[in-house]
Amino acid sequence: MILEIVSPEAKLFSGEVTSVHLPGISGSFQILNNHAPIVSTLGAGLVKITATTFDFGKEVADKFTKLNDQNFTLGIQSGTIEMKDNKVIVLVD
């Protein structure tokens, strides 16, 4: 599935991922390939991205924390997520 993470300042990430774990306001949840359509609000916490390869621009790479070769995290304060047609769009603060 395709994941896009966008902040008011810049597009932080865009690429093919295998899963994304998100801090929902009612608890964390995970989205996998072919997930049903969903729109949700996010609270403060970590967005965990799992993918086989990562390509971050140098200007935003310092916002992500590498857990291992296939997992990175991004700390957020709040946001919104939409999953539709195997594309996840995350708007974050």
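This report describes the fold, surface and core of one protein chain.

The model is predicted, with local features needing pLDDT of at least 70 and side-chain atom pairs counting only at pLDDT 80 or more, while totals for chains, interfaces and linings use all residues. Residues are numbered from 1 along each chain as its sequence is written, and side-chain values use heavy atoms, with hydrogens and water left out.

The protein chain has zero helices and ten strands, where helices (H or I, at least four residues) and strands (E, at least two) are DSSP runs numbered from the N terminus. The radius of gyration, taken over C-alpha atoms, is close to what the globule rule (2.2 Å times the number of residues to the power 0.38) gives for 93 residues, so the protein chain is as compact as a globular protein of that length.

| Property of the protein chain | Value |
|---|---|
| Radius of gyration | 12 Å |
| C-alpha box along the principal axes | roughly 30 × 25 × 20 Å |
| Exposed area (Shrake-Rupley method, 1.4 Å probe) | about 5300 Å² |

Buried residues, meaning those under 20% relative accessible area (1.4 Å probe, protein chains only), make up 41% of the 93 residues. The largest nonpolar core, a set of buried Ala, Val, Leu, Ile, Met, Phe, Trp, Tyr and Cys residues joined through side-chain atoms within 4.5 Å, holds 26 residues, and among the members that touch the most others are Leu 3, Ile 31 and Val 88. Elements giving two or more residues to this core include β1 (2–6), β4 (27–32) and β10 (87–92). Not counting residues up to four places away in sequence, Val 88 touches residues including Leu 3, Ile 31 and Ile 81, a contact being heavy atoms within 4.5 Å.

Technical notes
Buried < 20%, exposed > 50% of the residue type's maximum accessible area, 1.4 Å probe, protein only.
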